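Subject: Handover of a structure and the findings on it

Dear colleague,

Please find below the structure that I am handing over to you. My findings follow directly after it.

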Amino acid sequence: MQEETGNKAFKVDPSIQFTECYRHTRRGRLVDKTVTYFPAIVEQVEVTIQVSEIRAYAWLEAAAARTRITYPEARRVFDEMLRYLGER
């Protein structure tokens, strides 16, 4: 998170992880990709985005954030994380 946002004020919860798997095309070749997410408590909302990694940035409530997620697998991970956070 620090690399993409410049934010150093966060605490990662290493007790759980969420995984997203998908395929995409890179240079005409099909590539399998796995991304692992860890929830974190953010203590600072100011960020400096890494433009090469992030197309758009916004702090949103969960319902508004979900409407912006375009890929089904990413939406599944988001919903799974919300369920986890709701249990805490």
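W59 counts as partly exposed, since its relative accessibility is 49% and the partly exposed class runs between 20% and 50%. Please note that the model is a predicted one. W59 is found in the loop between β4 and α2. Together with V45 and Y57, W59 makes a nonpolar surface patch of about 330 Å².

**The chain as a whole**

The chain contains three helices and four strands. Following the sequence, their order is α-β-β-β-β-α-α. Of the 88 residues in the chain, 16% are buried. The exposed surface of the chain comes to about 7200 Å², and carbon and sulfur atoms supply 52% of that area. The contacts between residues at least 6 apart in sequence are also worth noting: 53% of them join residues at least 24 apart.

**The aromatic pair**

How many aromatic pairs does a search of the whole structure find? The search finds one. Its members are F18 and Y84, whose ring centres are 5.9 Å apart. The planes of the two rings stand at 65°, so the pair is edge-to-face; the reasoning is that plane angles over 60 degrees are given that name. In general, two values describe a pair of aromatic rings, namely the distance of the centres and the angle of the planes.

Where do F18 and Y84 lie in the chain? F18 belongs to strand β2 (residues 18–26), and Y84 belongs to helix α3 (residues 72–87). The two residues are 66 residues apart, and the pair thus links distant parts of the chain. Are F18 and Y84 buried or exposed? Both of them are buried.

**The salt bridges**

Side chains of opposite charge can pair when their charged atoms come close. The structure holds five salt bridges, and I describe some of them here.

One of the five joins K11 and E43, with 3.3 Å between the closest N and O atoms. K11 sits in strand β1 (residues 10–12), while E43 sits in the loop between β4 (40–42) and α2 (62–68). With their positions 32 residues apart in the sequence, K11 and E43 link distant parts of the chain. K11 is exposed, because its relative accessible area is 55% and the exposed class begins over 50%. E43, at 49% relative accessibility, counts as partly exposed.

A salt bridge is also formed by D79 and R66, whose closest N and O atoms are 2.7 Å apart. Which helices does this pair tie together? D79 lies in helix α3 and R66 in helix α2, so the salt bridge ties together parts that are 13 residues apart in sequence. The side chains of R66 and D79 are likewise joined by a polar contact of 2.7 Å. R66 counts as partly exposed, at 33% relative accessibility. Leaving aside residues up to four places away in sequence, R66 touches R75, F78 and D79. R66 and R76 are 10 residues apart in sequence, and their C-alpha atoms are 10.0 Å apart in space.

R76 in turn meets E80 in a salt bridge, with 2.7 Å from N to O. Why are R76 and E80 separated by about one helical turn? The reason is that they are four residues apart in helix α3. R76 has 33% relative accessibility and therefore counts as partly exposed. E80 also counts as partly exposed, at 29%. Salt bridges that share partners bring E73, R76 and E80 together in one network.

**A residue with positive phi**

Finally, I draw your attention to R27. Its phi is positive, at about 55°, although R27 is not a glycine. R27 is located in the loop between β2 and β3 (29–37). Is R27 buried or exposed? R27 is exposed, because its relative accessible area is 80%, and values over 50% fall in the exposed class.

With kind regards

Note on methods:
Residues numbered from 1 in each chain as written. Predicted model: local features only at pLDDT ≥ 70, side-chain atom pairs only at ≥ 80, totals over all residues. Heavy atoms only, no water. Phe/Tyr/Trp six-rings, centres within 6.5 Å; stacked < 30°, edge-to-face > 60°. Buried < 20%, exposed > 50% of the residue type's maximum accessible area, 1.4 Å probe, protein only. Salt bridge = Lys/Arg side-chain N within 4 Å of Asp/Glu carboxyl O. Patch = residues over 30% accessible without salt bridge, like charges linked within 9 Å, V, L, I, M, F, W, Y side chains within 5 Å. Areas by Shrake-Rupley, 256 points an atom, 1.4 Å probe, with all protein chains shown as cover. Contact = heavy atoms within 4.5 Å. Polar contact = N/O pair within 3.5 Å; in protein donor to acceptor, adjacent residues only side chain to side chain.
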